[in-house]
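This report describes how the helices and strands of one protein chain are arranged. The sequence and the model are shown first.

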Amino acid sequence: MRIAVLTSGGDAPGMNAALRTIAVAGAQRGHSVLGVRHGYHGLLEGDVTALDYAAVDGITRSGGTILGSSRSAEFPTPEGQKRARARVAELGIDALVTIGGNGTLTGAHLLGTGESPRPCLVIGLPGSIDNDIGHSGLAIGVDTAVNTIVEACDRIADTAQAHRRAFVVEVMGRACGFLAMRAGVAAEADAILYGENNMSDDELVARTRTVLQRCFAPGGHKKRALILKSEGVKMSTHALVERLAVHLREDAPGVDIRETVLGHVVRGGNPSALDRMVAQRLGYGAVLACEDGAHDVMLGWEVPGGFGDKTPDHSIRRVPIAEVLAETARLLDGTSPVIRKRMELLRQVEDLLAI
Ligand code: F6P
């Protein structure tokens, strides 16, 4: 088969590990493997390169994506889809593996369901630090992002403690609070603010003030306070800190408050061992899925409720992309049971945070 692979949307650590596995497993199983540069934009331009052993040697350990990525505005349009299908036919691609998040999978589904001059299988792999992809317990990049946040918080805690300061640290995740939740617990944050519980600005301020009062109560042992805030919280970090600062003298006498927005720091860096392993297993699964003629499916990793089914690899399940997109929408609007479970778990540990 002629298998093409692309990475699209926000890059995620571990994408390279998936690319290497697809290239090597593909070649060893008798396929020719092409890399499409810069995501769907590159597909429209026919910008492809051979993914041979030399191209992928040693890339497992590096962050980003050797193929480059993009967010193409043209690809999802009817004209873009027509051009993309013509390009796929011209390049003689039998199967296209797309690695990315919600936008990437939406694009893959569009491409996989429309009429095409040449049949081409479409397989998706979940790759996004946000962990907001339906039917996948984990996506490529999430574990590294969590570790990066924890490391950054540990560093901030050192300096915060030295100066008896409170810090509000904002982390990526788009509308999804997973990164803040998981990293916050691991970093021993005093409070975790996330968008899924739709708190108003006043509620956020009141909740955070209570935490600061508790942390810096007279006679207390605390030398720092760490508030982890997801970018999905509507109130801006700056506005929150400004409002907290107004009451700081009464809530936490002698304490200073600062903000740090980690931004794209969270998305880069060498992938963790877990991300490499997940990416390798998904990459291998993608080659097998192509051989099986699977189409318009995403390979979910540790699909909630997916254990014990009949798939040979119980960690991976092929889920129709349409179902993935529907569940992703529920994750984003908060109606998915997965979100309720995440919030419930966090509520259980919340009292252990600010002591
Ligand atoms: O989806 C991954 C992500 O890093 C989000 O966490 C973040 O909101 C967004 O991408 C940033 O996108 P960009 O790099 O295009 O600004």
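## Helix packing and sheets

The crossing of helix 6 and helix 7 is right-handed. This is a predicted model. The two axes, of helix 6 (residues 142-163) and helix 7 (residues 178-186), come within 9 Å and cross at roughly 50 degrees. Angles of 65 to 115 degrees count as roughly perpendicular and those under 35 degrees as roughly parallel; helix 6 and helix 7 are therefore oblique to each other. On the side of helix 6, the contact is made by Val142, Ala145, Val146, Ile149 and Val150. Helix 7 contributes Phe178, Leu179, Arg182, Ala183 and Ala186. By class, the residues of this contact between helix 6 and helix 7 are nine nonpolar, no polar and one charged.

Two further helix pairs can be described in the same terms. Helix 4 (residues 78-90) and helix 5 (residues 102-113) have axes that come within 10 Å and cross at roughly 70 degrees. The range for roughly perpendicular is 65 to 115 degrees, and helix 4 and helix 5 are therefore roughly perpendicular to each other. Helix 4 passes helix 5 in a right-handed crossing. Gln81, Ala84 and Arg85 of helix 4 make the contact with Gly107, Leu110 and Leu111 of helix 5. Three nonpolar, two polar and one charged residues make up the contact of helix 4 with helix 5.

In the other pair, the axes of helix 1 and helix 10 (residues 273-291) come within 8 Å, crossing at roughly 35 degrees. The crossing of helix 1 and helix 10 is right-handed. From helix 1, the residues in contact are Ala17, Ala18, Thr21, Ile22, Ala25 and Gly26. They meet Arg276, Ala279, Gln280, Gly283, Tyr284 and Val287 in helix 10. The contact of helix 1 with helix 10 has seven nonpolar, four polar and one charged residues.

The table lists the axis geometry of these pairs.

| Helix pair | Axes come within | Crossing angle |
|---|---|---|
| Helix 6 and helix 7 | 9 Å | roughly 50 degrees |
| Helix 4 and helix 5 | 10 Å | roughly 70 degrees |
| Helix 1 and helix 10 | 8 Å | roughly 35 degrees |

Next come the sheets. One open sheet is formed by seven strands in the order 3-2-1-4-5-10-11, with mixed pairing. Strand 3 (48-50) and strand 11 (316-320) stand at its edges with a single partner strand each, so one side of each is left without a neighbour in the sheet. From one strand to the next, the twist averages 25 degrees. Within this sheet, strand 1 (residues 2-7) pairs with strand 4 (residues 95-100) in the parallel sense over five bridges. Ala4 stands opposite Leu96 in strand 4.

Which strands does helix 1 touch where it packs on the sheet? Helix 1 (residues 15-28) touches strand 1, strand 2 (32-36), strand 4 and strand 5 (121-126), and its direction makes about 160 degrees with that of strand 4. Helix 11 (residues 321-333) also packs on the sheet, in contact with strand 5, strand 10 (297-301) and strand 11. The direction of helix 11 makes about 90 degrees with that of strand 11.

A second open sheet has four strands in the order 7-8-6-9, and its pairing is parallel. Strand 7 (191-193) and strand 9 (256-261) are at the edges, each with a single partner strand, so one side of each has no neighbour in the sheet. Neighbouring strands of this sheet are turned by 20 degrees against each other on average, direction ignored. Strand 6 (residues 165-171) pairs with strand 9 in the parallel sense over six bridges. Val169 stands opposite Thr260 in strand 9.

The last item is aromatic contacts. The count comes to one aromatic pair. Tyr40 and Phe75 form this pair, which is stacked, at 3.8 Å centre to centre and with 5 degrees between the planes. The pair links distant parts of the chain, 35 residues apart. Tyr40 is in helix 2 (residues 39-45), whereas Phe75 is in the loop between helix 3 (53-56) and helix 4.

Definitions and conventions. Residues are numbered from 1 along each chain as its sequence is written. This is a predicted model: local features need pLDDT of at least 70, side-chain atom pairs count only at pLDDT 80 or more; totals for chains, interfaces and linings use all residues. Side-chain values use heavy atoms; hydrogens and water are left out. Two strands pair if DSSP finds at least two bridges between them. Helices (H or I, at least four residues) and strands (E, at least two) are DSSP runs, numbered from the N terminus. Axes are lines fitted to C-alpha atoms, for helices over the stretch in contact, and angles run from 0 to 180 degrees between N-to-C directions. Contact means heavy atoms within 4.5 Å. Angles under 35 degrees count as roughly parallel, over 145 as roughly antiparallel, 65 to 115 as roughly perpendicular and the rest as oblique. A crossing is left-handed if the near helix is turned anticlockwise from the far one by less than a right angle, and right-handed if clockwise. Ala, Val, Leu, Ile, Met, Phe, Trp, Tyr, Cys and Pro count as nonpolar, Asp, Glu, Lys and Arg as charged, and the others, Gly among them, as polar. Rings of Phe, Tyr and Trp (its six-membered ring) pair if their centres lie within 6.5 Å; planes under 30 degrees apart count as stacked, over 60 as edge-to-face and the rest as tilted.
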